[in-house]
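Student: Could we take a close look at one part of this model together? I would like to learn how charged side chains pair up, and then see what surrounds them.

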Amino acid sequence: MISKELISNLVEKSIQDTDLFLVEVKVKPSNVIEVYVDADSAVNIDQCVSISRYVEGQLDRDTEDFELSVFSWGLSGALKLDRQLQKYVGKDVEVKTKELGKFQGKLVGFDAEKAEIAPAPKKTSKKKPAEEPVNLLLDRKTTEIKPAIIF
């Protein structure tokens, strides 16, 4: 089986000197490989194709067969890396925790241990004072922060 470390190293080489960064590599049974990348700006299809071609060019299908897909992280995934969180400071996010449930707000800031979220005002007919920002422990196993999709 092809190792995650090998794929991670190849992807890192293919994106050096760009604003792209590796978020996650999954290697499933029978060498089904999924690579997820993000960028400080945006990820386009041509960049995903370029990464895929580079990685495929470094692997030998005669030795081990594989299936490779390269994806942009996208709006539906939780923000896993500090670099992703930095990109969303000052923007609307959706938060899900065991203690507080699910809510939306603006990511005010974060550090290695916590994230500060200013809850979005609730839509009611009565004017209420703005809620105080919430400080959440940044435990990626129990706290999920995703970009908010607002229509």
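Student: Which residue forms a salt bridge with Asp-65, and how far apart are the closest N and O atoms?

Tutor: Happy to help! Before we begin, this is a predicted model, in which local features need pLDDT of at least 70 and side-chain atom pairs count only at pLDDT 80 or more, while totals for chains, interfaces and linings use all residues. Residues are numbered from 1 along each chain as its sequence is written, and side-chain values use heavy atoms, with hydrogens and water left out.

Now to your pair. The partner of Asp-65 is Arg-61, and their closest N and O atoms are 3.3 Å apart. That fits the definition of a salt bridge: a side-chain nitrogen of Lys or Arg within 4 Å of a carboxyl oxygen of Asp or Glu. In general, side chains of opposite charge can pair when their charged atoms come close. Asp-65 is exposed, at a relative accessible area of 55%, whereas Arg-61 is partly exposed, at 40%. (Buried means under 20% relative accessible area, exposed over 50%, and partly exposed in between, with a 1.4 Å probe and protein chains only.) The two residues also belong to a network of salt bridges that includes Glu-56.

A search of the whole structure finds 9 salt bridges. One of them joins Arg-83 to Asp-40, with 2.7 Å between the closest N and O atoms. Arg-83 sits in helix H3 (residues 82-87) and Asp-40 in the loop between E2 and H2, so this pair ties together parts that are 43 residues apart in sequence. (Helices, H or I with at least four residues, and strands, E with at least two, are DSSP runs numbered from the N terminus.) Both partners are partly exposed: Arg-83 has a relative accessible area of 37% and Asp-40 has 41%.

Another salt bridge brings together the side chains of Asp-92 and Lys-106, at 3.5 Å from N to O. Here Asp-92 belongs to strand E4 (residues 92-97) and Lys-106 to strand E5 (residues 101-110), 14 residues apart. Asp-92 is partly exposed at 32%, and Lys-106 is partly exposed at 36%.

Let's turn to the sheet. Three strands form an open sheet in the order E1-E2-E3, with mixed pairing. Strands E1 (20-28) and E3 (67-72) stand at the edges with a single partner strand each, so one side of each has no neighbour in the sheet. The twist averages 20° from one strand to the next. Strand E2 (residues 32-39) runs parallel to E3, and 6 bridges join them; two strands count as paired if DSSP finds at least two bridges between them. Across this pairing, Tyr-36 stands opposite Phe-71 in E3.

Helix H1 (residues 4-15) packs on the sheet, touching E1 and E2, and its direction makes about 155° with that of E1. Contact here means heavy atoms within 4.5 Å. Helix H2 (residues 45-58) lies across E1, E2 and E3, at about 150° to E3. For these angles, axes are lines fitted to C-alpha atoms, for helices over the stretch in contact, and angles run from 0 to 180 degrees between N-to-C directions.

Finally, look at two loops. Asp-17 lies between H1 and E1 and has a positive phi near 65°; Ser-30, between E1 and E2, has a positive phi near 60°. Asp-17 is exposed at 77%, and Ser-30 is exposed at 65%.
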